[in-house]
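Hi,

Here is the structure I said I would pass on. Have a look at it first, and my notes follow underneath.

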Amino acid sequence: INDEFGHLAGDAVLQAFARILEKGMRQTDVVGRYGGEEFLALLPETEAGHAEQIAERVRERCAESRVKSPTNEDLGFTTSAGVAQLKPGEDAETLLRRVDLSLYDAKRAGRDRIVLAA
């Protein structure tokens, strides 16, 4: 989005994505920006299958959303996500590595999808 339509359009997409996350999460969930285009969502006491369903709903809402570019073009956007559940004895770094690998799998598989970590 930034490269093709400019940073203002990219910012509009990030704001729309944040609103989707805000509406799609529970009060106990924590969401934050992890990198330039990456976000993390922590869903306490949530099994991987349920977290995958939540991520899929967010993905669907993104695919349905539209934002206006600075030149008033109607822009759509998609999202991909990796989902993992903390394993007994697993540290945060290992969990994040598994989530990151799942995200890359989603991107390699064509984007606009959710991949559950092994």
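Let me start with a small cluster of charges: Glu56, Arg59 and Asp112 are joined in a network of salt bridges. Keep in mind while you read that this is a predicted model. Asp112 sits in the loop that runs between H4 and strand E6 (114-116), and it is partly exposed, since its relative accessibility is 28%. Its backbone is worth a look too, because Asp112 is not a glycine and yet has a positive phi of about 55°.

While we are on backbone angles, Asn72 is another residue to click on. Its phi is near 70°, again a positive value in a residue other than glycine. You will find Asn72 in the loop between E3 and E4. Asn72 counts as exposed, with 55% relative accessibility.

**The other salt bridges**

How many salt bridges are there by the rule used here? The count comes to six. Apart from the network above, I would look at these three.

- Arg98 with Glu90: the closest N and O atoms are 2.7 Å apart. Buried or exposed, where does Arg98 stand? Arg98 is buried, because its relative accessible area is 14% and the cut-off for buried is under 20%. Glu90 is buried as well, at 14% relative accessibility.
- Glu93 with Arg97: here the closest N and O atoms are 3.3 Å apart. Both residues belong to helix H4 (residues 92-108), where they are four residues apart, about one turn of the helix. Residues three or four places apart in an α-helix point the same way, because there are 3.6 residues a turn. Glu93 is exposed at 55% relative accessibility, while Arg97 is partly exposed at 44%.
- Asp105 with Arg108: the closest N and O atoms of this pair are 2.5 Å apart. These two are three residues apart in helix H4, so about one helical turn separates them. Asp105 is partly exposed, with a relative accessible area of 36%, and Arg108 is exposed at 63% relative accessibility.

**More on H4**

Two further residues of this helix are good places to zoom in. Ser102 is found in helix H4 and is buried, with a relative accessible area of 4%. What does Ser102 contact, leaving aside its neighbours within four places in sequence? The answer is Gly82, Val83, Val115, Leu116 and Ala117.

Val99 also has its place in helix H4, and it counts as buried at 17% relative accessibility. Not counting residues up to four places away in sequence, Val99 touches Gly82 and Ala84. Gly82 therefore turns up in the contacts of both Val99 and Ser102. If you want a distance to check on screen, try Val99 to Ala81: they are 18 residues apart in sequence, and their C-alpha atoms are 8.2 Å apart in space.

**Helix H2 and what packs on it**

Now for H2, which covers residues 7-24. Its 18 residues, at 1.5 Å a residue, should span 26 Å, and the end C-alpha atoms are 25 Å apart, so the two values agree.

Which residues of H2 are buried? They are Ala9, Gly10, Ala12, Val13, Ala16, Phe17, Ile20, Leu21 and Gly24. The elements that cover them include helix H1 (2-5) and helix H3 (48-64). Strands take part as well, among them E1 (30-33), E2 (39-42), E3 (66-68) and E4 (74-76).

H3 deserves its own view. The axes of H2 and H3 come within 10 Å and cross at roughly 140°. That angle makes H2 oblique to H3, because the cut-off for roughly antiparallel is over 145 degrees. The crossing of H2 past H3 is right-handed. On the H2 side, the contact is made by Phe17, Ile20, Leu21 and Gly24, and H3 supplies Ile54, Val58, Arg61 and Cys62. Those four H2 residues are also listed among the buried ones of the helix.

If you only have a few minutes, I would colour the network of Glu56, Arg59 and Asp112, then the buried pair Arg98 and Glu90, and then the contact between H2 and H3.

Cheers

Technical notes
Residues numbered from 1 in each chain as written. Predicted model: local features only at pLDDT ≥ 70, side-chain atom pairs only at ≥ 80, totals over all residues. Heavy atoms only, no water. Salt bridge = Lys/Arg side-chain N within 4 Å of Asp/Glu carboxyl O. Buried < 20%, exposed > 50% of the residue type's maximum accessible area, 1.4 Å probe, protein only. Expected span 1.5 Å × (residues − 1). Contact = heavy atoms within 4.5 Å. Axes fitted to C-alpha atoms, helices over the stretch in contact; angles between N-to-C directions. Parallel < 35°, antiparallel > 145°, perpendicular 65-115°, else oblique. Left-handed = near helix turned anticlockwise from the far one by under 90°.
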